[in-house]
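Please read the following walk through one protein chain with the sequence and the model side by side. The text goes from the chain as a whole to its strands, then to its helices and two loop residues.

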Amino acid sequence: MDRPQPRTRLHRLHRPRIQGTAGNGVQLGHPPSRQQVTTDFPEKRTIMSNVAVIGLGIMGLPMAINLVKAGHTVTGFNRSQDKIDKLVSEGGKAASSIADAVKEADVVITMVPDSPDVEGVVSGKDGVFANAKKGALWIDASSIRPDVAKRLSDDAREAGVRPLDAPVSGGEQGAIDAVLSIMVGGDKADFEAAQDVLNAVGKTIVHVGPSGSGQTVKAANQLIVAVNIQVLGEAITFLEAYGVDTDAALKVLGGGLAGSKVLDQKGQKMLDRNFDPGFRLALHHKDLGIVTAAAREANVAVPLGAVVAQLVAATVNQGDGALDHSGLFKQVLQLSGRE
């Protein structure tokens, strides 16, 4: 009599642990370092680009350094040689001119102070548009007038360059830590193409609409920040007048509805009277000029913004434009007779 065969026991096959990586496909085992490129899905691999950074100031230099750390080839140009030398010491490359910086670039980032500065950098025979490769991405991280951003984006497209206006928020520390908020205007396809570069310098990166939209959102950001700095300065002056423990006061205020990033980042600077620039008052003065002009054009009332714009203007006109924008606190102290 035949004996029945024993039932075969199925054993679970051992499979390596699968881990996702931030938009770069799938990796087996440990997640890759920031510099690694996935190979499972080539269409999603990180693209290491040749990036030119024009303007290596308080924000531009740490952004360029973070691009180097992310694995991109970064060439920098700045009017002062010491900033270029610093980038080279961090693994970047030096350029002798704008044309030299952008000639091999897949992506060009401009980070300069104002609308005329951007126009000067991108226009003319020595500018970005005349010397960049056809199809290169141009990311303007400066804060400029929305109408100028729109006009320059049209000029870029005529030159065969793909424009994005991508102003940033977060100050010097945000640039150093690569956690900037970036509001991006331009074509959605170009925004997608810029993701690997933007991710190397920012944390909150949002496409907000067509060309010029990024600068419009940045103007709103600067309005909110300026009003917050002003009222924080008023609150600290009020607390000091009553002899309150201001360190303790700011701690408890920061834990409630009054808490804000402005309080977190600027409160201690005001208490210490330390106004070393992370974002200069002169630049915020420029930005509030953009806000008030654009609001007038749109028939929008910004009464608080208009008042703070005047206070910032007064502070700058008194010789404090090189201070951090938390230096607006000095104007509150002066008005209160508590300098």
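Of the 339 residues in the chain, 46% are buried. The model is a predicted one, and its chain has 15 helices and eleven strands. Contacts far along the sequence are frequent in the following sense: among contacts between residues at least 6 apart, 61% join residues at least 24 apart.

The strands can be taken in two groups. Consider β10 to begin with. Strand β10 covers residues 180-186, and six of its seven residues are buried, so this strand is largely enclosed by the rest of the structure. Its pairing with β11 is parallel and runs over six bridges. Within that pairing, L180 stands opposite G202 of β11. Strand β10 also pairs with strand β8 (residues 162-165), in this case in the antiparallel sense and over two bridges. There, L164 of β8 stands opposite G186 of β10. A further antiparallel pairing joins β10 to strand β9 (residues 168-169), again by two bridges. V168 of β9 has I182 of β10 opposite to it.

What does G209 touch, leaving aside residues up to four places away in sequence? G209 lies in strand β11, which spans residues 202-209. Its contacts are with V184, G185 and G186, and these positions fall within the residue range of β10. The C-alpha atoms of G209 and V184 are 7.3 Å apart, although the two residues are separated by 25 positions along the chain. The relative accessibility of G209 is 15%, and the cut-off for a buried residue is under 20%, so G209 counts as buried.

The second group of strands centres on β6. Strand β6 covers residues 107-110. In a regular strand, side chains alternate between the two faces of the sheet. In β6, V107 and I109 point one way while V108 and T110 point the other way, and all of these residues are buried. Two partners of β6 can be named. With strand β3 (residues 50-54), β6 pairs in the parallel sense over four bridges, and I54 of β3 stands opposite T110 of β6. With strand β7 (residues 137-140), β6 is also parallel, joined by four bridges. In that pairing, I139 of β7 is the bridge partner of I109.

The next topic is helix packing. Two packed helices are described by the angle between their axes and the distance between the axes. Helix α4 (residues 115-122) and helix α6 (residues 146-158) have axes that come within 10 Å and cross at roughly 10 degrees. Angles under 35 degrees count as roughly parallel, and α4 and α6 are therefore roughly parallel to each other. On the α4 side the contact is made by S115, V118, E119 and V122, and on the α6 side by V148, R151 and L152. The residues of this contact divide into four nonpolar, one polar and two charged.

At what angle do the axes of α10 and α14 cross? Helix α10 covers residues 213-241 and helix α14 covers residues 303-320; their axes come within 10 Å and cross at roughly 70 degrees. The range from 65 to 115 degrees counts as roughly perpendicular, so this is the description that applies to α10 and α14. The crossing is left-handed. Helix α10 contributes L223, A226, V227 and Q230 to the contact, and helix α14 contributes L304, G305, V308 and L311. These residues divide into six nonpolar, two polar and no charged.

Two loop residues remain, and each is a residue other than glycine with a positive phi value. A178 has phi near 60 degrees and is found in the loop between α7 (171-176) and β10. N299 has phi near 55 degrees and is placed in the loop between α13 (281-297) and α14. Are these residues buried or exposed? A178 has a relative accessibility of 11% and therefore counts as buried. N299 is exposed, with a relative accessible area of 73%.

Note on methods:
Residues are numbered from 1 along each chain as its sequence is written. This is a predicted model: local features need pLDDT of at least 70, side-chain atom pairs count only at pLDDT 80 or more; totals for chains, interfaces and linings use all residues. Side-chain values use heavy atoms; hydrogens and water are left out. Axes are lines fitted to C-alpha atoms, for helices over the stretch in contact, and angles run from 0 to 180 degrees between N-to-C directions. Angles under 35 degrees count as roughly parallel, over 145 as roughly antiparallel, 65 to 115 as roughly perpendicular and the rest as oblique. A crossing is left-handed if the near helix is turned anticlockwise from the far one by less than a right angle, and right-handed if clockwise. Contact means heavy atoms within 4.5 Å. Ala, Val, Leu, Ile, Met, Phe, Trp, Tyr, Cys and Pro count as nonpolar, Asp, Glu, Lys and Arg as charged, and the others, Gly among them, as polar. Buried means under 20% relative accessible area, exposed over 50%, partly exposed in between (1.4 Å probe, protein chains only). Two strands pair if DSSP finds at least two bridges between them.
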